[in-house]
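These are my notebook entries on one protein chain. I set down what I looked up, one topic at a time.

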Amino acid sequence: MGDCIFCKIIAGEIPSKKIYEDDKVLAFYDISPAAPVHFLVIPKEHISSANELTKENSEIVSHIFMIINKIVKELGIADSGYRIVNNCGADGGQTVNHIHFHILGARELKWPPG
Ligand code: 5GP
Ligand code: ZN
């Protein structure tokens with residue numbers, strides 16, 4: 001989708017450290033990690049944000065959560081715990097307008113976020 005950096009990562013035009021890929025989703029490490037484990041899971045379909053989820057396209061969210069479930073086990077943080085974050089819009093701190101879920105773990109995370 002135009003200038004979307006995550007669409008470019010999906011297309012292989014921007015390199016990424018991939019963890020998992022199938023026909024619907026891509027998981028890769030965040031370029032600027034905020035925790036010892038910090039990866040992103042994105043749908044291959046360009047959906048701008050959580051605001052753009054519909055009855056027709058939202059099945060991808062449960063698929064993403066199942067992939068997260070699998071990856072955290074493989075990375076060994078399932079039992080210690082982790083946080084799944086979706087930033088939406090300006091106040092939510094969203095900087096890339098392609099819906100993505102952050103998974104942060106391998107350290108104790110504070111609450112509430114800033
Ligand atoms: P947001 O602030 O939109 O919730 O999160 C966007 C995330 O994407 C940030 O954590 C940022 O570090 C990450 N990011 C931005 N550009 C790239 C990139 O080119 N490659 C990777 N792997 N991560 C990126
Ligand atoms: Zn995109």
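**Entry 1: cysteine 88.** I began with the exposure of cysteine 88, which is partly exposed because its relative accessible area of 25% lies between the limits of 20% for buried and 50% for exposed. I note here that the model is a predicted one. I then located cysteine 88 in the loop between S4 and helix H3, residues 89-92. I looked up its contacts, leaving aside neighbours within four places in sequence, and found Ser49, Ala50, Asn51 and Gln94. For alanine 50 I also noted the separation from cysteine 88: 38 residues in sequence, and 6.3 Å in space from C-alpha to C-alpha.

**Entry 2: glutamine 94.** Since glutamine 94 is in contact with cysteine 88, I turned to glutamine 94 next. I found glutamine 94 in the loop between H3 and S5. Is glutamine 94 buried or exposed? Glutamine 94 is buried, because its relative accessibility of 12% is under the limit of 20%. I looked up two polar contacts of its side chain: the backbone nitrogen of glycine 89 is reached at 2.9 Å, and the backbone oxygen of valine 96 at 3.0 Å. Not counting residues up to four places away in sequence, glutamine 94 touches several residues, including Ser48, Ser49 and His100.

**Entry 3: the sheet.** I next traced the strands. Five of them form an open sheet with antiparallel pairing, in the order S1-S2-S3-S5-S4. Strand S1 (18-21) and strand S4 (82-85) are the edge strands, each pairing on one side only. From one strand to the next I noted an average twist of 15 degrees. I recorded a general point beside this: strands of a sheet pair through backbone hydrogen bonds.

**Entry 4: the pairs.** I followed S1 into S2 through a hairpin of three residues. S1 and S2 pair over three bridges, and lysine 18 stands opposite phenylalanine 28 in S2. S2 also pairs with S3, over five bridges, where valine 25 is opposite proline 43 in S3. Strand S3 (residues 37-43) pairs with strand S5 (residues 101-105) over five bridges; there I found valine 41 opposite phenylalanine 101 in S5.

**Entry 5: what covers the sheet.** I looked up helix H2 (residues 59-75), which packs on the sheet and touches S1, S2, S3, S4 and S5. The direction of H2 makes about 155 degrees with that of S3. Why is S2 largely enclosed by the rest of the structure? I noted that four of the five residues of S2 are buried, so S2 is largely enclosed.

Conventions: Residues numbered from 1 in each chain as written. Chains lettered and ligands numbered in written order. Predicted model: local features only at pLDDT ≥ 70, side-chain atom pairs only at ≥ 80, totals over all residues. Heavy atoms only, no water. Pairing = 2+ DSSP bridges. Helix = DSSP H or I, 4+ residues; strand = E, 2+ residues; numbered from the N terminus. Axes fitted to C-alpha atoms, helices over the stretch in contact; angles between N-to-C directions. Contact = heavy atoms within 4.5 Å. Buried < 20%, exposed > 50% of the residue type's maximum accessible area, 1.4 Å probe, protein only. Polar contact = N/O pair within 3.5 Å; in protein donor to acceptor, adjacent residues only side chain to side chain.
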